[in-house]
Amino acid sequence: MSLDWQLPPQLEIPAEFVAAVRSCKPTVNGKYAAQLLWQRGIREIDRIPGYLDSDKYQPTSPFAFGLEMTAAMERLKKAYIYAEKVAIWGDFDADGVTATSVLWDGLRQFFGQGQLSYYIPDRMKESHGLNIAGIKRLAAQGVNLIITCDTGSTNTKEIEYATKLGVDIIVTDHHTLPSQRPPVAAIINPRYFEESHPLFHLAGVAVAYKLMEALYLTLPDIPQQPVEYLLDLVAIGLIADLVKLNGDCRYLAQMGIKRLTLQNQTDLDGFRPGVNKLLQLCKRNGDRPTDISFGIAPRINAISRIHGDASFGVELLTSKDVERCHELAAETELANTRRKELQKNMTLKVQAKLAELDLSTTSVIVLVDNNWSPGVLGLIAGQIAQEHGKPTILLSTNSEEDAGRDKAKIARGSARSTQNVDLYQLVNSQAHLLNSFGGHPFAAGMSINVENIPIFTEAIDRQLHAQIDKLPPLSIQTDLIVTVADLWVSSGRDLFEDLLLLEPYGMGNPAPKLLIKNCHFKDIKNKNIQDFKGKTVQYIRTKFELIDASSGKGFPGIWWGHYEHEIPRVNCDAVVELDYNSYEKRLEIRLIEVRPAAIVDNIHDLFRQPNLANRQATLEVIDFRHAPVDLDVDAAAITWIKKCPSNWSELQVYCQRAIRSSGKLALDYQSTNLASSREIFEQLVGIAKYLANTQEEIDLERLALRLDIRDRSVRLGLDALVEIGFQVSLKEKTNLLKIVLSQSQVDRDVDLYSLFTVQKFFAAIEEEQFNRSYFLQVPTYAIQASLSV
């Protein structure tokens, strides 16, 4: 999906504001941090110290929750005095697991062995929130009080059932409020505050922490350890849950990261061997929010995505048994590896169904299948939503539940939105068709009777279609324009240290997007990653070095989930994030978006661009496509294009080569009868059979030349070969392909041309042919106008 790139606003930042930022940490430059703060609306000098330094922030009292917190304390004191059985009801994502861990660790200071337990629904078998069966089991075990975390606000029916059984409930949650207060002992939910309140954006784990903070203040003589020992867990859940990091959210995340950093010290009071081992496995130090978002959080989430039951995640985070924690951490690491492979394989299956939709007339993508694993549907829905710019709901129908007198087929799944659609309001408008639903404006989970899916899909699609013209356009906001020289340690350390000042980044304070203009890439290599046992995982990353005119030295970078052929081989504009690679001990950039510099996507855009006359003057284009070459032309002084290009990037390589030499470019390619996609596929299969029979190898570039197609299309063709029964291996250093044939698989009674990978290959070929048809006719002034100033 193409996004508009929004340039940083040109703002005059007062010198005294920059000085105030610098005074918080005199060793930094301060100008970059000041610019970011000013752009993000933090312009009052007296706010700067508390924002940048958590030690200077005044946190909000847990008793700001008022009567609800007071009621919660009274009920907990009663449970403590009468030695009642208490159960924690958690949730299976990272916020829910860490919230459960906070309550488990905190309440164990007050309740002895046998009094306290926890219950987390199974992701594969149960939905988010309270359920009747679980409450019934806990009541049978003699539980008198249930404390929810990260869930429960809208479970009115289940709460009423618990009340009938004599079980009281304290809800701690941060999700949408019910229309009426449920019959609970207390409900601690920051959504009751105004949005400007410093507690409003607390995640489930932070609400649980506030409950513990209040209890430690209410019964101060009982706990044997400070409540601050829980803050590392709070930071993990806060950053994993993507809540807005402002007010107390930011403060708790800052304090929690300080605590998390100390987990590398095995003699630390409150040492967590499980957290320590997770940091080792993901090769992180714990001192950065990215250590959580890219390291710890995905691993905790992977437990339920693969196993369904997330209960051992609580044991991993809270147990003091080092050997047991190492076993659980290894199991968690393997679950994360499996999650990556499952996600990649299921993405292909989802894309196959997506290909059946007419996306031009679809406002909301809703897909359903019998065999999809519910554990990774949210991740894939997020990918699809981002790629196509449309809210996406993926549902799996692999279970049955009671619905009235008959059994109805139930679909469960996840929904993800784009940056401009309130998913919660959209789906909630059809709540009468759903069995259960909960979430945020950007992410949600749900269950629905299969028979209701068509009506539900049509209703939300129609509703969003009516609103679509009022929605803001999708865009990516860049924060700073920098050069490659700015990234390097000599001056880049100033930039990086400034960026560190504003951490932790997250919702409401996103990681700064740096725009680097007119740069190019070298040493581009993609490879599959390996797990901690050295096994290759089918999850790709591309490494590269970035260069521009400011520095002849390439700056290292990485592009996750992308192949090397996706990077244009021409001068580009790139949006990146600057980070520190703790494993390789160096600064590096993460590529976010890239596009050829100043290349236009629409011929009409040519007339909107400034300095068109200057652009045209940089290159003389001589057109021999429809006329014979003039024999008087000095061929040696001209850059010739003998083969019709298939994209702007390919054409710009020649343009830049011509500019560096004589400034003259000759178009000398003719119209040809291009082979059909089926003919090219048959040719590819023929080559593959020959190579398999002869055991010869072929260079990837040579294969592309033989088929007269681009590298990207060749790779899609190789994917198709694998699906029809060939084994294909590529030696990265030599770029040589080896192909092995399994005759029984290739000759199976299947329509090969209907396979998804083959259809994807056909689509790529047809796109190339369409583009070549365009470049056979493209006006010379369009080529001139596509160049950089």
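**Group meeting: strands, cores and loops in a predicted model**

Let me begin with a pair of residues across two strands: Tyr580 stands opposite Leu587 in β18, where helices (H or I, at least four residues) and strands (E, at least two) are DSSP runs numbered from the N terminus. What you see is a predicted model, in which local features need pLDDT of at least 70 and side-chain atom pairs count only at pLDDT 80 or more, while totals for chains, interfaces and linings use all residues. Residues are numbered from 1 along each chain as its sequence is written, and side-chain values use heavy atoms, with hydrogens and water left out.

The strands concerned are β17, residues 572–581, and β18, residues 586–596, which pair in the antiparallel sense over 10 bridges; two strands are taken to pair if DSSP finds at least two bridges between them. Nine of the 10 residues of β17 are buried, where buried means under 20% relative accessible area, exposed over 50%, and partly exposed in between, with a 1.4 Å probe and protein chains only. Together β17 and β18 make a hairpin with four residues between them. Lys585, in the loop between these two strands, has a phi near 55 degrees, a positive value in a residue other than glycine, and with a relative accessible area of 56% it is exposed.

Is Cys572 buried or exposed? Its relative accessibility is 0%, so Cys572 counts as buried. The closest cysteine sulfur to that of Cys572 belongs to Cys519 and lies 6.0 Å away, too far for a bond, given that a disulfide is a pair of cysteine sulfur atoms within 2.5 Å. By this rule the count of disulfides is zero. Cys644 is buried too, with a relative accessible area of 11%.

Turning to another sheet, three strands form an open arrangement in the order β19-β21-β20, and the pairing is parallel. Because β19 (620–623) and β20 (639–641) stand at the edges, each with a single partner strand, one side of each is left without a neighbour in the sheet. Neighbouring strands here are turned by 25 degrees against each other on average, direction ignored; axes are lines fitted to C-alpha atoms, for helices over the stretch in contact, and angles run from 0 to 180 degrees between N-to-C directions. Four bridges join β19 to β21, residues 664–667, and within that pairing Ile622 stands opposite Ala666.

Now to the nonpolar cores, each a set of buried Ala, Val, Leu, Ile, Met, Phe, Trp, Tyr and Cys residues joined through side-chain atoms within 4.5 Å. Which residues touch the most other members of the largest core? Among its 77 residues they are Leu107, Leu211, Met212 and Leu238, and helix α8 (residues 204–218) gives the largest share of this core, with 10 residues. Leaving aside residues up to four places away in sequence, Leu107 touches Leu76, Ile88, Leu116, Ile147, Met212 and Leu215, contact meaning heavy atoms within 4.5 Å. A second, separate core has 45 residues, among them Val28, Leu37, Leu487 and Leu499.

Leu107 brings us to helix α5, residues 94–107, whose 14 residues should span 20 Å at 1.5 Å a residue, and whose end C-alpha atoms are indeed 20 Å apart; the expected span is 1.5 Å times one less than the number of residues. In α5, 14 of the 14 residues are buried. For α10, which also has 14 residues, the expected span of 20 Å agrees with the 20 Å between its end C-alpha atoms, and 12 of its 14 residues are buried, including Asp248, Arg250 and Arg259.

Just before α10 (248–261), the loop that follows α9 (231–240) holds Lys244, which at 34% relative accessibility counts as partly exposed. Apart from residues up to four places away in sequence, Lys244 touches Glu195, His201, Cys249, Met507 and Gly508. Lys244 and Asn509 are 265 residues apart in sequence, yet 7.2 Å apart in space, C-alpha to C-alpha. Pro504 is found in the loop between α19 (489–501) and β14 (514–530), and a cis peptide bond, with omega about 5 degrees, joins Glu503 to Pro504.

I close with Asp708, in the loop between α23 (700–707) and α24 (711–723), where phi is near 60 degrees, a positive value in a residue other than glycine. At 31% relative accessibility, Asp708 counts as partly exposed.
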